[in-house]
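Visitor: I'd like a close look at one part of this protein, and to see how that part sits among its surroundings. Could you take me through it step by step?

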Amino acid sequence: MRRLSAALLGLAALLAGALPTARSASAQPAADTMAAIRARGHILCGVTPNTIGFATPDSQGVFRGLDADYCRALAVAVFGDPEKLRFVPTTAPQRFPALQSGEVDVLIRTTTWTLSREAALGFVFAGVNFYDGNGFMVRKALGVQSARQLDGASVCLQQGSTTELNVTDYFRTHNMRMNPVTFENVEEIRTAFAAGRCDVYSSDTSTLAAFRIGQGAAADQYVLLPEIISKEPLGPAVRKGDARWFDIVRWTHFALLTAEELGITQANLARFADSTSPDVQRFLGRSGDLGKMLGLQPDWAAQIIRQLGNFGEMWERNITPMGIQRGINAQWTQGGLQYAPPMR
């Protein structure tokens with residue numbers, strides 16, 4: 001009887017291992033992204049190839065923009081050096097396989113936080129650095145003043161983006177016909193729209209504003225329609241299964257927000273050294289052990305501000321020139337949605 005019981009227990013254990021539960025089937029493999037980053041000596045940061053205000057190479061080939069600055073902030077947090085990273089430009093269809101395969105350590109690429117991208121693709125978003133929404137742009141000569149007048153229009157869209165789904169749903173909901181003209185990358189869309197291959201260019205409003213400002217003297221030929229048809233919270237994404245790296249990415253974002261809330265800027269940082277505020281002292285790494293908790297230097301957050309500025313400064317440098325107001329991207333104390341949990 002004992003032999004039979006042992007055999008049955010062994011068979012049960014074997015079957016339990018062969019038939020994964022729903023929980024184990026969805027679990028991600030253990031990872032140590034930080035160990036790989038330190039061994040490599042730099043961070044691999046996935047960005048858009050060319051979106052003004054977020055990530056675009058300047059005349060010297062150096063990436064500039066809000067997302068590019070977030071990549072640099074991570075490099076400062078980990079290495080104390082904003083140059084210890086490599087930008088990896090990815091198209092919309094390429095970006096998710098690049099993150100899944102480990103080609104990039106983090107994706108900061110005007111990417112919308114959605115349920116399916118976390119639950120099905122195995123990612124987790126560390127925060128929102130830009131609250132956006134899907135909109136429509138047309139040529140002024142078309143004489144259109146509302147998206148409800150676009151029945152039968154040809155629409156330039158990016159493959160593999162939430163925009164493609166949003167626009168399809170919008171036209172279907174309003175019983176309108178649409179002729180989609182899809183492209184893999186943003187540059188192809190811009191060229192096609194400027195050449196008149198489609199009536200409408202649809203994307204996040206920030207992307208549309210970047211296109212318009214990039215037209216120079218011809219910018220007033222294009223009109224952004226008033227309808228915003230979706231919520232597009234954009235932010236950094238990492239692979240699930242590595243809580244340590246996720247924490248660093250998340251709290252780098254919150255450090256940028258916290259500095260702005262506390263009034264700490266790149267220019268006045270030194271003046272806060274003698275502050276008696278417990279919040280400031282913890283932020284500067286002069287008290288507590290926040291850096292140790294993350295596996296970083298005590299003054300990691302202060303170093304980010306010293307070298308790059310706070311969130312508001314990044315916004316002024318990269319987004320304000322596009323003519324986009326802070327709006328809902330303002331601090332919660334200013335009526336916006338940006339809100340950082342306590343750093344304590």
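Guide: One definition first: Ala, Val, Leu, Ile, Met, Phe, Trp, Tyr, Cys and Pro count as nonpolar, Asp, Glu, Lys and Arg count as charged, and the others, including Gly, count as polar. Keep in mind, too, that this is a predicted model.

We can use those classes right away on the largest pocket, whose lining has eight nonpolar, one polar and four charged residues. The space in this pocket comes to about 230 Å³. Its lining is made of 13 residues, and the closest to the centre are Thr258, Asp279, Pro341, Pro342 and Met343. Two elements give two or more residues each to this lining: helix 10 (243–262) and helix 11 (278–284).

Helix 10 and helix 11 turn up again when we look at helix 13, residues 300–308, because they are among the elements that cover its buried residues. Helix 4 (66–79), helix 12 (290–294) and helix 14 (311–318) are also part of that cover. The buried residues of helix 13 are Trp300, Ala301, Ala302, Ile304, Ile305 and Leu308. As you read that list, it helps to know that an α-helix has 3.6 residues a turn, so residues three or four places apart point the same way. Just after helix 13 comes glycine 309, with a positive phi of about 90°.

Now for the part I want to linger over: the open sheet. Five strands build it, in the order 10-9-11-8-12, and their pairing is mixed. The edges are strand 10 (178–183) and strand 12 (222–224), each of which pairs on one side only. On average, neighbouring strands in this sheet are turned by 30° against each other, if direction is ignored.

Let's start beside the first edge. Strand 9, residues 153–158, runs parallel to strand 10, and six bridges join the two. Among the partners across this pair, leucine 157 has threonine 182 of strand 10 as its bridge partner, while glutamine 158 stands opposite phenylalanine 183. How many of the residues of strand 9 are buried? Six of its six residues are. On one side these are Ala153, Val155 and Leu157, and on the other they are Ser154, Cys156 and Gln158, so both faces are covered, where buried means under 20% relative accessible area.

At the other edge, strand 12 holds tyrosine 222. Its relative accessibility is 8%, so tyrosine 222 counts as buried. What touches it? Leaving out neighbours within four places in sequence, tyrosine 222 is in contact with Met137, Val138, Arg139, Lys140, Phe193, Ala194, Phe211, Arg212 and Gln215. One of these, arginine 212, is 10 residues away in sequence, and its C-alpha lies 6.8 Å from that of tyrosine 222. Helix 9 (205–213) lies across strand 8 (134–139), strand 11 (200–204) and strand 12, and runs at about 125° to strand 11.

Strand 11 also leads us to an enclosed space. A search of the whole structure finds one cavity of 30 Å³ or more, with a volume of about 210 Å³. Of its 20 lining residues, the closest to the centre are Thr110, Gln158, Ser161, Ser203 and Asp204. Strand 11 gives the most to the lining, with four residues. Helix 5 (92–101), helix 7 (162–173) and helix 8 (186–194) are also among the elements that give two or more. By class, this lining has four nonpolar, 12 polar and four charged residues.

Thr110 deserves a second look. Threonine 110 sits in the loop between strand 5 (106–107) and helix 6 (115–119), and it has a positive phi of about 40° although it is not a glycine. With a relative accessible area of 13%, threonine 110 is buried. Compare asparagine 175, in the loop between helix 7 and strand 10. Asparagine 175 has a positive phi of about 55° and is not a glycine either, but with a relative accessible area of 71% it is exposed.

Finally, step back to the whole chain. There are 14 helices and 14 strands, and 49% of the 344 residues count as buried.

Conventions
Residues are numbered from 1 along each chain as its sequence is written. This is a predicted model: local features need pLDDT of at least 70, side-chain atom pairs count only at pLDDT 80 or more; totals for chains, interfaces and linings use all residues. Side-chain values use heavy atoms; hydrogens and water are left out. Two strands pair if DSSP finds at least two bridges between them. Axes are lines fitted to C-alpha atoms, for helices over the stretch in contact, and angles run from 0 to 180 degrees between N-to-C directions. Contact means heavy atoms within 4.5 Å. Buried means under 20% relative accessible area, exposed over 50%, partly exposed in between (1.4 Å probe, protein chains only). On a 1 Å grid over the protein atoms alone, a cavity is a set of points where a 1.4 Å probe fits but cannot get out, and a pocket is an open set with protein on both sides within 12 Å along at least five of seven lines; lining residues have an atom within 4 Å of a point. Grid points are joined across faces, edges and corners, and a volume is the space filled by probe spheres set on the points.
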